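Trainee: I should like to learn how to read a protein model with a bound ligand. May we go through one together?

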Amino acid sequence: MTDGCIFCRIIAGEIPGDLVYQDSEIVAFRDVHPVAPTHVLIVPRKHVSSVRELAEADVELIGRMVLCAKSIAEQEGIAERGYRLVVNCGAEGGQLVQHLHLHLVGGRQLTDSIG
Ligand code: 5GP
Ligand code: ZN
């Protein structure tokens, strides 16, 4: 756990999170400020601050995060209609929390463009 990291604290159960999935490597919980009916954050238990910090050894972890998003989308009933997976990286990428996370967003028509 990294001191002062809000997602590490949620993973550790120190502060509440609305968990939708967890296993030995990944935790997924609802975003506190959802931008759509489904807005889930898929987070590795291990503290990796951003895509920038990813290493070759993390390839499998990233794959698991994407597969986790896929199964949560099915659970949420949005798989067929479609959804968006987003990873923000760094200041200009709009990353606010410095613990790697994959946004799963869906449940409404997403109209805004990528940038
Ligand atoms: P970023 O901009 O870093 O990609 O996204 C961070 C996300 O984390 C934001 O959508 C924000 O609403 C969410 N968030 C920030 N603090 C908390 C928190 O304490 N709990 C939960 N569930 N989500 C949070
Ligand atoms: Zn962390």
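Mentor: We shall take the ligand and its surroundings, and then several residues in turn. Please keep in mind that this is a predicted model.

Trainee: Let us begin with the surroundings. How many residues surround ligand 1, and which are the closest?

Mentor: One starts by listing the neighbours of the ligand. Here ligand 1 is surrounded by 16 residues, and the closest are Asp31, Gly94, Leu96, His101 and His103. Sorted by class, this shell holds eight nonpolar, six polar and two charged residues.

Trainee: Which polar atoms of the protein lie close to the oxygen atoms of ligand 1?

Mentor: For such pairs, one looks for N or O atoms within 3.5 Å of each other. Asn88 offers a polar side-chain atom 2.8 Å from an oxygen atom of ligand 1. Leu96 takes part through its backbone, with a polar atom 2.6 Å from an oxygen atom of the ligand. Val97 likewise has a backbone N or O atom at 2.9 Å from an oxygen atom of ligand 1. As for cover, ligand 1 has 520 Å² of accessible area on its own, and the protein covers 82% of it.

Trainee: Where does ligand 1 sit, and which elements give two or more residues to its shell?

Mentor: Ligand 1 sits in the largest pocket. The elements that give two or more residues to the shell are helix 1 (6-11) and strand 2 (26-30). Helix 1 gives the most, with three residues.

Trainee: I should now like to study single residues. Is His39 buried or exposed, and what does its side chain contact?

Mentor: One first places the residue in its element, then considers its accessibility, and then its contacts. His39 belongs to strand 3, which spans residues 38-44. His39 counts as buried because its relative accessible area is 6%, and the cut-off for buried is under 20%. Its side chain reaches the backbone nitrogen of Val35 at 3.1 Å. The side chain of His39 also makes a polar contact with the side chain of His103, at 2.8 Å.

Trainee: His103 was also named among the closest residues to ligand 1. Where is His103 placed, and is it buried or exposed?

Mentor: His103 is part of strand 5, residues 102-106. With a relative accessibility of 12%, His103 is buried. One may also compare separation along the chain with separation in space. His103 and Val86 are 17 residues apart along the chain, while their C-alpha atoms are separated by 5.0 Å. Arg84 and His103 are 19 residues apart in sequence, with 7.8 Å between their C-alpha atoms.

Trainee: In which strand does Arg84 lie, and why does Arg84 count as partly exposed?

Mentor: Arg84 lies in strand 4, residues 83-86. Arg84 counts as partly exposed because its relative accessibility is 27%, and this class runs between 20% and 50%.

Trainee: May we apply the method to a loop? Where does Ser50 lie, and which backbone nitrogen lies 3.0 Å from a polar atom of its side chain?

Mentor: Ser50 lies in the loop between strand 3 and helix 2 (59-75). Ser50 is buried, at 8% relative accessibility. The backbone nitrogen is that of Arg52.

Trainee: As a last case, what can be said of Val20?

Mentor: Val20 is found in strand 1, residues 19-22. Val20 is buried, with a relative accessible area of 18%. Val20 and Val40 are 20 residues apart in sequence, and their C-alpha atoms are 8.1 Å apart in space.

How values were computed
Residues are numbered from 1 along each chain as its sequence is written. Chains are lettered from A and ligands numbered from 1 in the order in which they are written. This is a predicted model: local features need pLDDT of at least 70, side-chain atom pairs count only at pLDDT 80 or more; totals for chains, interfaces and linings use all residues. Side-chain values use heavy atoms; hydrogens and water are left out. A residue is near a molecule or strand if one of its heavy atoms lies within 4 Å of it. A polar contact is a pair of N or O atoms within 3.5 Å; within protein, one must be able to donate a hydrogen and the other to accept it, and residues adjacent in sequence count only if both atoms are side-chain atoms. Accessible areas come from the Shrake-Rupley method with a 1.4 Å probe; for residues, only the protein chains shown count as cover. On a 1 Å grid over the protein atoms alone, a cavity is a set of points where a 1.4 Å probe fits but cannot get out, and a pocket is an open set with protein on both sides within 12 Å along at least five of seven lines; lining residues have an atom within 4 Å of a point. A molecule sits in a cavity or pocket if more than half of its atoms lie within 2 Å of its grid points. Helices (H or I, at least four residues) and strands (E, at least two) are DSSP runs, numbered from the N terminus. Ala, Val, Leu, Ile, Met, Phe, Trp, Tyr, Cys and Pro count as nonpolar, Asp, Glu, Lys and Arg as charged, and the others, Gly among them, as polar. Buried means under 20% relative accessible area, exposed over 50%, partly exposed in between (1.4 Å probe, protein chains only).
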